[in-house]
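This report covers a pocket and the aromatic contacts of one structure. The sequence and model come first.

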Amino acid sequence: MAFYIGRLGFGPELRLLGCKTMRCLGADSRNVVTSPAMFLPRSTTMDSKAEGSAEKRVGAKKLSKGTSPLSIDSPTADLNMRYKYPEMFPEPFMIWRNPLKEKLERKDMLSRRSRIYIPEFYVGSVLRVTLSNFHQPDKTSTFVGICIQREECGLKATFILRNVIDNLGVEIKLELYDPRLQKIEVLRLERRLDTHLRYLRDCPPEYSTFPLDMKAEIRRTDEVPLNRMKVRLNPRPWTEWWHKYDYKGIENLTEHISDKMKKRRQILAKPWEKYDLMKTYRATLPEEDMAEILEEIKEDVENHEQKHKRRGA
Amino acid sequence: MAALRSRVLSVFQGIHASSKIPLPLLDVRFEVCVTQVRGNRFLGIPKFRHPYWHLRKDRAHYAENLTPENKEFIRETIAKDYGPPSVISGVQTYDSPLKNIHKVESIEWFPGVRRTSTIAKKIGIQPLWLKDGTRVMASLLHIADNHVIRYNPPEQVIPMRHRKKVVPQKTLGKFGALIVGAESADPQEFTKEYCGLFKESGLPPKRKLARFLISPQAVLPAGTPLNALHYRVGDYVDVTGQTIQRGFQGVMKRWGFKGLRATHGVTKSHRRPGNIGAGGNKARVWPGKKMPGFMGGRYRTLRGLQILRINTEYNVLYVIGQNIPGQINSYVYVHDSLCRHRWVTEAKDARPLPTYIPKDSEGSPPENLYAPDVHRFDDPTITFEIVDTPVVRTGAKIAKAKGSKAK
């Protein structure tokens, strides 16, 4: 999900995500400024083009030395696991939290995972989903599309798939733990530059067109590749005000906006927010809490993965 | 503000007493770290006085300057009275062999019997799926460490006074009052007189006390624990809670008024109520006119909610609905439903009376109990069977057939 927060700055992303999915980052407030690389999953590729600010260089140095940016004194749990299971972490808002409820919810999630293999996927990955559907003649429906958004925590976790079928954009919002989901296949596993790709709704259809009989691509490494593709927006009107936020994946935003909108964009920009430690603290889970949760789910999840691998072989 | 400051300072001194940091090293700026607590500020309502079965609970936390030996002694004394502190069913409590444990005997159901309600904590909301694939939202109500504290027989019950409501005379003397407490706590948190309320039951003082009106036949002895199995899956309950405090709100938020127009010459009145009364002889505002004011913080009941699932290990009820009054982590009262078609009318449907009594022969109940139409998360994926639909004759065809017969 939101791996690039450290590099993009927190402000717009936080607001877009409704401060929700940020929680899964679980960034320690102390590390945010010094090591943006901590937001990267296992493939720790740094952006070679954009080495403008001092923080980035610090992050790059840290990586080149081969030290783990994640756990300095954290417990033994593999914190990299957090990117795989973002919905396992609780909601960000303190007064909505309750440890007992979170525990019971996690139990339910794991017992659902014993019945369906929920693979690792990110915003930008292409999935095929099979769903029980009462209204279809054969009682199942299948959909292929690119994941443009992942939201919410716990059993409420959802994702949106988008495709263009017969020149018509089609989106389907699914719940990850819906017992009607029969199968989730990852056809192409990759990440994109932004935490969500809702702006594909206002782009030419070629960016979100995938054949319905698409075959799964073969993965050569364990790393999740980062697709640096930048898309071109259609002229206005848009479904959302894309100029208000700083998206890395949009190429031609300034072409379509008026001078007034450009001014507005400048006013709304909050470059200082990446230094706001309190904001990061409120929007993320402490590393210790995260390690505890990962420790709790680790065994079940690993057993489940192995079971799936054996079945696949 | 002065009161707040003194409170914070006392906490600050308490921290100082417990730590070994010399006083001058702690900055006085610590005062600023006060979280604002929003309270009820209704105008014209008399100051809250405790009812006769409840006493002043909160005490001033002044600096006691206890030595470590003193603290150790207090801890030992508490452990001697109430047992060592321990976590039971996910709740921090005291592992006490109850002093007044009586054997509860079940009674026979009779029409109009009313058994005790329980105090629960609203801990969150999550989706559940039914077997036909429907998604429903369920609220999780945690019945945390509930015990019966005391019973007042009907002749001792003084009905609650209310400014507007009049207590119907026919209910007087009909119901006894059972006082139930939730969540045991350290007695040092409360006043001496509040702790005295629990002497009879031999329990540590509870964070929350509530009084429920019950039939005298359904009485429970003091010290009886109440758990989630007091209810059954599929039962209907009414849930009472204090709604979320919204503060002073305008008519649009408080009463759902439409406000005035955004344009067409309207200035500075986009969210105002508009006209509030007529002129002439009636040149005044009628009583009960919907106006801006304090919103929320009232006790409200949501009725007729079905229990979809019960977690017996942690005593959690999964009740249908996502609009149970109260914030998450606030206390709510769970009553047997008094809705007309939801209450028990026959002895065969009777709920456990006066409460669930575990039997040794049955063994421990399963961890999760589900209502029959609820999908379990470890069940296989929901699939729908392909059914060959029979050919249905249309009206025209039937008419044709009939016509041919007539010929």
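## Second largest pocket

The second largest pocket has a volume of about 1,300 Å³. Of its 39 lining residues, those closest to the centre are Tyr117(A), Pro119(A), Arg219(A), Glu305(A) and His308(A). A pocket is an open set of points on a 1 Å grid over the protein atoms alone, where a 1.4 Å probe fits, with protein on both sides within 12 Å along at least five of seven lines; lining residues have an atom within 4 Å of a point.

The model is predicted: local features need pLDDT of at least 70, side-chain atom pairs count only at pLDDT 80 or more, and totals for chains, interfaces and linings use all residues. Residues are numbered from 1 along each chain as its sequence is written, chains are lettered from A in the order in which they are written, and side-chain values use heavy atoms, without hydrogens and water.

α9(A) gives the largest share of this pocket's lining, 9 residues. The lining has 19 charged (Asp, Glu, Lys, Arg), 13 nonpolar (Ala, Val, Leu, Ile, Met, Phe, Trp, Tyr, Cys, Pro) and 7 polar residues (the others, Gly among them).

## Aromatic pairs

The whole structure holds 13 aromatic pairs over all chains (Phe, Tyr or six-membered Trp rings with centres within 6.5 Å). In one of them, Tyr245(A) and Tyr247(A) meet edge-to-face (planes over 60 degrees apart), at 6.3 Å centre to centre and 85 degrees. Tyr245(A) is buried (under 20% relative accessible area, 1.4 Å probe, protein chains only) at 17%, and Tyr247(A) is buried at 7%. Both belong to one aromatic cluster with Tyr199(A) and Trp242(A).

Key: Rings of Phe, Tyr and Trp (its six-membered ring) pair if their centres lie within 6.5 Å; planes under 30 degrees apart count as stacked, over 60 as edge-to-face and the rest as tilted. Buried means under 20% relative accessible area, exposed over 50%, partly exposed in between (1.4 Å probe, protein chains only). Grid points are joined across faces, edges and corners, and a volume is the space filled by probe spheres set on the points. Helices (H or I, at least four residues) and strands (E, at least two) are DSSP runs, numbered from the N terminus.
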